[in-house]
Amino acid sequence: MEQKTISEQPVLRRDKSKLQWTWIEMKKHKVAYLMIAPFFLLFFTFTVVPVLLSVVLSFTTFNMLEFPDFIWFDNYIRLFLDDDIFLLSIKNTFIFACITGPVSYLLSLFIAWFINELKPKLRAFVTLIFYAPSIAGNVYLIWTLLFSGDQYGLVNSWLMQLGFINSPILWFQDTDYIFPLVIVVALWTSLGTSFLTFIAGFQVVDKSLYEAGAVDGIKHRFQELWYITLPTMKPQLMLGAILAITNSFGFGAVITALVGFPSPDYCVHTIMHHLQDYGGSRFEMGYASAIATILFMMMVGANALVTKMLRKVGT
Amino acid sequence: MAKTLTRAQKKGDKPKRLNRSAGGDAGIFFFLALFGVIMIFPMVYAISQSLKPLDELWRFPPRVFVENPTAKNYTDLFRMLGDAWVPFSRYIFNTVFISVIGTAGNVLFSSLAAYALAKIAFPGRKFFFKIVVYSLMFNSTVTGITNFITMSIFGMIDTYWAIIVPAWCTTYGLYLMKQFMETSVSDPVLESARLEGASEMKIFWKIAMPMVKPAWVTLIIFAFNGLWNSGSSTYIYSEELKTFNYAISQVVSAGIARAGASAASTVVTMIVPIIVFIITQSNVIETMSTSGMKD
């Protein structure tokens, strides 16, 4: 019935209360809800609800077998007061993210900027070279060959031939070397989606802006980058930052593949590993949920902070 | 404001080179060359290792490049795969099945939702898009535990669906598609189609989708890469449900005699996503050009 009134005589917005108006609009666009339904049903089931559920479970003793007991903040108290390895994992995750996040962001940005100076054919080729490690599956395992612990490893043999060392170094077992090595490998695989976003962003900057800038007295390419290119690329810079930050918390699988689990002396034990340990192996789901909740807050907190800072750039 | 590429920009016409010095060009060239070598070296080394005969693999001092290339490591690799108790063809079938169904659902569901979010002014569209943007701020590690519980309730553990169904709703896919639709599908065309009485579904399928080909090509690539690289999953433990990628990484797990085959397996797994990207690069870059986060 409502439907008919709409088609016969237009309903004026001021005749209706806000709620009624919304209801009319919703009915009119029924099909839109049908269109988003498949995606968002799945999205809520596998992304939104899990986040909320893990907050709830983090206050319980759920172990997949017995009915969960509600224990308030006991999981969190245990995490922060009784679990030394967890505190270590927070520290490691934090250092890891603070290095890989900004460095991969700046590397992506500058390499994309440099690549943009190249001719199209060469540009496509160089883009592929930098992007390939991030899509090529577990190709990072080749680093264990380069830094293999015996004399047949390329790096060991070079260092031995040059006389820097006498016996091979066990790179991926020595706690002195693991952390920096893992960071290098993580950075090597990190020129991914945000890098492509920047490549594309540089290409769509309006060329006439550069000519106008030159008239206004821009002298060299750094000024051009700072005063023209970056301000116009702000949307890409924002997205790139979010992707880089989220990514910097997600290198757990790379670390496990390189040094195994648990790592020697837990030297590269991150929150992801701790989560895997309690959730995947010990089935202490309540405790693992508390870890997941903390990880979630770290990621969202870091993103909120950085996007807030980026929004201020140029204002 | 991001815009789609114009024809001239695609060709990269640069009539004049403003504000550029020879010294700066040299510096950039040097920087790119240096980092390019660092990036490509491990991959070149993997290829070289995979072509080395046994005596070259265990020679001291080791050499970067192969002297007498042989395909033996590859034949060894596939012979070992053939000896596994699950037939090799089964792994291939698993990979193809998971990739095809996962990718198809991903592209279809994301495009449908993206079209509605970008082009239909329904109440709540801002809210729905906002939660998608927020969900870009954390990764699947956070939801892993609860998803395991959810999936065991639905009986999805140890079935193909444990991998396929979550792949249907990747937030980044929806985000990209929505941004691209917003700039690339022109509103007047949609309006005139609506006036002629075409249903939204029809407009979506006949008008919008053909206009966003670069975006769904990109979505296909991202979804496919994700699924291809999903070697082993915590949700699947039956050997006969595992993927090619998993099989290939297991078969060569250890042993001196298998060092060459191991390198060969790395090359096989890396070559597929790289070739796919080479073919589709221009589409992907065009899609990414609209991906910026405006607010």
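This passage walks through a predicted model with chains A and B, going from chain B as a whole down to a single residue of chain A.

Chain B is a good place to start. Its secondary structure comes to 14 helices and 0 strands, so a walk along the sequence gives nothing but one α after another, in the pattern α-α-α-α-α-α-α-α-α-α-α-α-α-α. The C-alpha trace of chain B spans about 75 × 65 × 35 Å along its principal axes. Of the 295 residues in chain B, 42% are buried. Now take the contacts in chain B with a separation of 6 or more: 78% of them link residues 24 or more positions apart.

Chain B splits into two domains, with domain 1 covering 21-70 and domain 2 covering 85-288. Taken over C-alpha atoms, the centres of domain 1 of chain B and domain 2 of chain B are separated by 32 Å. Where these domains touch, 8 residues of domain 1 of chain B are in contact with 7 residues of domain 2 of chain B. On the domain 1 side, α2 and α3 (54-57) of chain B each supply at least two residues, and α2(B) gives the most, with 5 residues. Sorted by class, that side of domain 1 of chain B has 5 nonpolar, 2 polar and 1 charged.

A pair of helices in chain B deserves a closer look. Two packed helices are described by the angle between their axes and the distance between the axes. Helix α5 (residues 88-119) of chain B packs against helix α12 (residues 213-229) of chain B at an angle of about 140°, and their axes are 9 Å apart. Why does this pair not count as roughly antiparallel? That word is kept for angles over 145 degrees, so α5(B) is oblique to α12(B). The crossing of α5(B) past α12(B) is right-handed. Which residues meet here? On the α5(B) side they are Ile98(B), Ser99(B), Gly102(B), Thr103(B), Asn106(B), Val107(B), Ser110(B) and Ser111(B). Across from them, α12(B) brings Trp216(B), Leu219(B), Ile220(B), Ala223(B), Phe224(B), Leu227(B) and Trp228(B). By class, the contact of α5(B) with α12(B) comes to 9 nonpolar, 6 polar and no charged residues.

Next comes the meeting of the two chains. Here 84 residues of chain B are in contact with 89 residues of chain A. On the side of chain B that touches chain A, the largest share comes from helix α2 (residues 22-50) of chain B, which provides 13 residues. That side of chain B consists of 50 nonpolar, 29 polar and 5 charged residues.

Chain A also comes in two domains, namely domain 1 (1-57) and domain 2 (77-312). The C-alpha centres of domain 1 of chain A and domain 2 of chain A are 39 Å apart. Their contact takes 4 residues from domain 1 of chain A and 6 residues from domain 2 of chain A. On the domain 1 side of that contact in chain A, 3 residues are nonpolar, 1 is polar and none is charged.

Finally, a single residue: Gly280(A), which sits in helix α15 (residues 271-281) of chain A. Is Gly280(A) buried or exposed? With 14 other C-beta atoms within 10 Å, Gly280(A) falls in between and is partly exposed, because a buried residue needs 20 or more and an exposed one has 12 or fewer. Gly280(A) and Gln203(A) are 77 residues apart along the chain, and 44 Å separate their C-alpha atoms.

Methods:
Residues are numbered from 1 along each chain as its sequence is written. Chains are lettered from A and ligands numbered from 1 in the order in which they are written. This is a predicted model: local features need pLDDT of at least 70, side-chain atom pairs count only at pLDDT 80 or more; totals for chains, interfaces and linings use all residues. Domain bounds come from an automatic or database domain assignment. Two residues are in contact if their C-beta atoms, placed from the backbone, lie within 7 Å. Ala, Val, Leu, Ile, Met, Phe, Trp, Tyr, Cys and Pro count as nonpolar, Asp, Glu, Lys and Arg as charged, and the others, Gly among them, as polar. Helices (H or I, at least four residues) and strands (E, at least two) are DSSP runs, numbered from the N terminus. Axes are lines fitted to C-alpha atoms, for helices over the stretch in contact, and angles run from 0 to 180 degrees between N-to-C directions. Angles under 35 degrees count as roughly parallel, over 145 as roughly antiparallel, 65 to 115 as roughly perpendicular and the rest as oblique. A crossing is left-handed if the near helix is turned anticlockwise from the far one by less than a right angle, and right-handed if clockwise.
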